[in-house]
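I am opening a fresh page for this model and will write down each thing as I look it up. The sequence and the structure go in first.

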Amino acid sequence: MPEVQGQGEDLDRRTAVRSILERLRPLFGPPPLVPDHDPVGTLVSTILSQHTSDRNADRAFDRLIARYGADWTRVATAPPAELIATIACSGLARVKAARIQAVLRAIPEHFSAAGLASLTALPVAEARRRLTALPGVGPKTASCVLLFGLGMPALPVDTHVHRVARRLGLIDPTTSAEEAHAALEAIVAPSEVHAMHVCLIRLGREICQARHPRCSICPLNDLCPSAQIQDTRDVRAAGKGVSRS
Ligand code: SF4
């Protein structure tokens, strides 16, 4: 029965998640999650972080706060040229300024007076669905708002999390990044969602890189169904004199 098979697969994947965290937590030691309880600020900073480094995004957010405070009505109604200049260091400032103002103006139309804080009363999937109804908000941005802004167990799936989760067999090869949000949340305990998010990003950035995963030094080598495939490629590449990064 497919349903039972699926449940068995989920159990195996939950066991794998526990083993993965046991190995990665001591290495990457994610700090405890401290939600900022400013979900609108988290939403704005997540938009600023698109297609740029964390450093540039943080600088742009600091400049925005220095100019407008955390007064999101002022940001929503600021002259566009002024806002673009304020966040210029984040790159794509014209696009991001328009996106920020559009979403800030849409929030009062979609939410009650309690604003985004009202999402804490909902299950994660429903809260994410409500957020993705806002203009320009995808599942990853929505999950960042829920996790970092409200402390809810939503697991943001960026390119690193998606790639590493597929290689580790935590999601099916055909699962899209969008679908991976719910798929991973189904196998990670709510209390471990933040640690799992941080650990998979760190592993993806530092070891399980897109083009040249460094399986030979990976702490998950013996657990990972992709390790042998990648190792074989490494041996073949070494035989052809191709250097590994
Ligand atoms: S063993 Fe290789 S493919 Fe698997 S997680 Fe580690 S680096 Fe990635």
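Is helix H2 mostly covered or mostly open, and how many of its 10 residues are buried? I find H2 mostly covered, with 8 of its 10 residues buried. I list the buried ones as Pro39, Thr42, Leu43, Val44, Ser45, Thr46, Ile47 and Leu48. Looking at what these buried residues pack against, I note helix H3 (54-68), helix H6 (93-110) and helix H8 (139-149).

**Overall layout and confidence**

I remind myself that this is a predicted model, and that the pLDDT of the protein chain averages 89, with 90% of the residues scoring at least 70. Over residues 1-5 the pLDDT is below 50, and I see 0 contacts in the model for this stretch beyond near neighbours in sequence. For residues 238-245 the pLDDT also stays under 50, although here the model has 5 contacts beyond four places in sequence. I keep in mind that predicted coordinates should not be read in detail where pLDDT is low.

I count 12 helices and 0 strands in the protein chain, so the pattern read along the sequence is α-α-α-α-α-α-α-α-α-α-α-α by the DSSP runs. Of the 245 residues, 33% count as buried. Taking the contacts with a separation of 6 or more, I find that residues 24 or more positions apart account for 64% of them.

**The loops on either side of H2**

I looked next at His37, which sits in the loop between helix H1 (2-28) and helix H2 (39-48). His37 has a positive phi of about 55° although it is not a glycine. I set this against the general expectation that most residues other than glycine have a negative phi. Why is His37 classed as partly exposed? I find 13 other C-beta atoms within 10 Å of His37, and this count makes the residue partly exposed because it falls between the limits of 12 or fewer for exposed and 20 or more for buried. From His37 I also traced a link in space to Leu147: the two are 110 residues apart in sequence, and their C-alpha atoms are 10.0 Å apart.

On the other side, His51 lies in the loop between H2 and H3, and I record for His51 a positive phi of about 60°, again without the residue being a glycine. His51 counts as exposed because it has 11 C-beta neighbours inside 10 Å.

**Two alanines in the helices that pack against H2**

Ala98 is found in helix H6, and I note that Ala98 counts as partly exposed because it has 15 C-beta neighbours inside 10 Å. Ala98 and Ala76 are 22 residues apart along the chain, and I read 9.4 Å between their C-alpha atoms.

Ala142 belongs to helix H8. Is Ala142 buried or exposed? It is buried, because 25 other C-beta atoms lie within 10 Å. Not counting residues up to four places away in sequence, I find Ala142 touching Arg128, Leu131, Thr132 and Val137. For Arg128, 14 residues away from Ala142 in sequence, the C-alpha to C-alpha distance is 5.7 Å.

**The largest nonpolar core**

Which members of the largest nonpolar core touch the most other members? Of the 56 residues in this core, I find that they are Leu146, Ala165 and Leu184. The core draws at least three residues from each of domain 1 (2-31 + 156-206) and domain 2 (39-149). I followed Leu184 further and, leaving aside its neighbours within four places in sequence, list its contacts as Leu155, Val157, Ala165, Leu170 and Ile171.

**Around the ligand**

How many residues surround the ligand, and which are the closest? I count 15 residues in the shell, the closest being Cys208, Cys215, Cys218, Cys224 and Ala227. The elements giving two or more residues to this shell are helix H9 (159-167) and helix H12 (227-239). By residue type, I divide the shell into 10 nonpolar, 3 polar and 2 charged residues.

How values were computed: Residues numbered from 1 in each chain as written. Predicted model: local features only at pLDDT ≥ 70, side-chain atom pairs only at ≥ 80, totals over all residues. Core = buried A, V, L, I, M, F, W, Y, C linked by C-beta atoms within 7 Å. Domains from an automatic or database assignment. Contact = placed C-beta atoms within 7 Å. Near = placed C-beta within 6 Å. Helix = DSSP H or I, 4+ residues; strand = E, 2+ residues; numbered from the N terminus. Nonpolar A, V, L, I, M, F, W, Y, C, P; charged D, E, K, R; others polar. pLDDT = per-residue confidence, 0-100.
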